[in-house]
Amino acid sequence: MSDETSTTATAPSAVTTAAGDQDTDSSTTLNKPHIRWSDSYTKAHDAIQSLSSILPSVPPSLSSSETPAACLLRDTETAAKISKLLRQPDSGAGDDNLCRWLYDTFQSNEPELHLVVLRFLPVIAGVYLSKVNLHKPLAGFEAVLLAVYAHETSSRNSQSITVNIPDLSHSSIYHETNKAAKNSATELNLAVISPTLEPYGTVRSMKRGRIVGVALELYYAKIPQIPVESKLEFCEFCRIWSSGQVGEDNGDLKRRIHLPWELLQPILRILGHCLMGHKKDEKLYESAIGAIGCLYERALHDLNTKAMLATGSLLQLVKLATECQDVDYTEITETNTITL
């Protein structure tokens, strides 16, 4: 009898425990997104608090916002202060607190904070490449660029980025043919957009263009989310890199740089987005045209045929777009000439 009583008494407790475990599991499952959001909020809030010790002032609205990372990304006043510091003559050194902040912020592995750092990539790359031949210590800039490069190396998992180009030797599926069908799986015409990445711990002169180019490839991948002001800064530095004829207070920035294809290719992709992005900004459009024109003149000066073709094609797109706007296809012209 005592055995039955004890069994009966313990059964509800077991059921209660099991029910409690189920409630705990279900509550944990339901709270997972909340915990993930809380972690992101905390990291973004901590980043803003750290930034407040570097900048003269930070708007209180950033810390009080429910989405601090997004507000930091879009805050033009704070962005202008950061850009100004990055352009200083002594910027980019190993003890540069702003570069340390950018590095730590990117290493947080939060996608929204990644965007914040990428928003300043045009200035970082622009000032770095313009100063690199002056033999100044630029370990701060290099640390940020290497962090972005290492992130891409890990994300790509040692795989190159390729695209399948249509091959005219293959029969079209829309036409009849007597030729035997080829195995497209074994005869793909692949073009390598970005070769396999190798891990680098330091920035060497022979690999500098590749490291900065990969950072710009990530910038291009996220460019729809990047503010327009960042793209305008990018166009500005494109003009500096190609001709050095841009009015800057700091004379160190008025320098033409070497433009290898591994660096020029992502530059042209970004400029192509500035020309043909789905949200067309007139100021950005004009700035991109000016940057492409400078790069085209640089290609002519260097007799770089590949760069001539690429930049010339973008300028031709601009010309075609302008001509299409001037044509009224609803207008019926009267003429006695028959054109065959």
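With which side chain does the side chain of Glu110 make a polar contact? The views below are drawn from a predicted model, and the opening one gives the reply.

**View 1. Glu110 sits in a loop and reaches Ser40.** The loop runs between helix H5 (97-106) and helix H6 (111-119). There, the side chain of Glu110 makes a polar contact with the side chain of Ser40, at 2.8 Å. Beyond its neighbours within four places in sequence, Glu110 is in contact with Ser40 and Lys43. Is Glu110 buried or exposed? Its relative accessible area is 14%. The cut-off for buried is under 20%, so Glu110 counts as buried.

**View 2. Helix H6 is mostly covered.** This helix spans residues 111-119 and follows the loop that holds Glu110. Of its 9 residues, 7 are buried. The buried residues are Leu113, His114, Leu115, Val116, Val117, Leu118 and Arg119.

**View 3. Helix H4 turns one face inward, with its buried residues along it.** H4 covers residues 76-86. Its buried residues are Thr78, Ala79, Ile82, Ser83 and Leu86. Why do they line one face of the helix? Seen down the axis of H4, they fall within an arc of 135°. The spacing fits a general rule. An α-helix has 3.6 residues a turn, so residues three or four places apart point the same way. Leu86 also belongs to the largest nonpolar core, where it is among the residues with the most contacts.

**View 4. The largest nonpolar core has 79 residues.** Which residues have the most contacts inside it? They are Leu86, Leu102, Tyr128, Trp241, Ile267 and Leu271. Helix H11 (residues 261-276) gives the largest share of this core, with 8 residues.

**View 5. Tyr128 and its contacts.** Neighbours within four places in sequence are left aside, although Val123 lies just past that limit. Tyr128 is in contact with Val123, Leu138, Phe141, Glu142, Leu145, Val203, Arg208 and Val212. Tyr128 is also one of the residues with the most contacts inside the largest nonpolar core.

**View 6. Tyr219, Phe234, Phe237 and Trp241 form a cluster through ring pairs.** The whole structure holds 4 aromatic pairs. In one of them, the rings of Tyr219 and Phe234 have their centres 6.2 Å apart and their planes at 20°. The cut-off for stacked is under 30 degrees, so this pair is stacked. Tyr219 lies in helix H9 (residues 208-221) and Phe234 in helix H10 (residues 228-243), so the pair ties together parts that are 15 residues apart in sequence. Tyr219 is buried, at 0% relative accessibility. Phe234 is buried too, with a relative accessible area of 0%.

**View 7. Phe234 pairs again, with Trp241.** This aromatic pair is edge-to-face. The distance is 6.3 Å centre to centre, with 90° between the planes. Trp241 counts as buried, at 0% relative accessibility. Trp241 is also among the residues with the most contacts inside the largest nonpolar core.

**View 8. The whole chain, for context.** The chain has 13 helices and 2 strands. Buried residues make up 39% of its 340 residues. Among contacts with a separation of 6 or more, 70% join residues 24 or more positions apart. The accessible surface is about 20,200 Å², and carbon and sulfur atoms account for 54% of that surface.

Conventions: Residues are numbered from 1 along each chain as its sequence is written. This is a predicted model: local features need pLDDT of at least 70, side-chain atom pairs count only at pLDDT 80 or more; totals for chains, interfaces and linings use all residues. Side-chain values use heavy atoms; hydrogens and water are left out. Helices (H or I, at least four residues) and strands (E, at least two) are DSSP runs, numbered from the N terminus. Buried means under 20% relative accessible area, exposed over 50%, partly exposed in between (1.4 Å probe, protein chains only). Contact means heavy atoms within 4.5 Å. Accessible areas come from the Shrake-Rupley method with a 1.4 Å probe; for residues, only the protein chains shown count as cover. A polar contact is a pair of N or O atoms within 3.5 Å; within protein, one must be able to donate a hydrogen and the other to accept it, and residues adjacent in sequence count only if both atoms are side-chain atoms. A nonpolar core is a set of buried Ala, Val, Leu, Ile, Met, Phe, Trp, Tyr and Cys residues joined through side-chain atoms within 4.5 Å. Rings of Phe, Tyr and Trp (its six-membered ring) pair if their centres lie within 6.5 Å; planes under 30 degrees apart count as stacked, over 60 as edge-to-face and the rest as tilted. The arc is that of the directions from the helix axis to the C-beta atoms.
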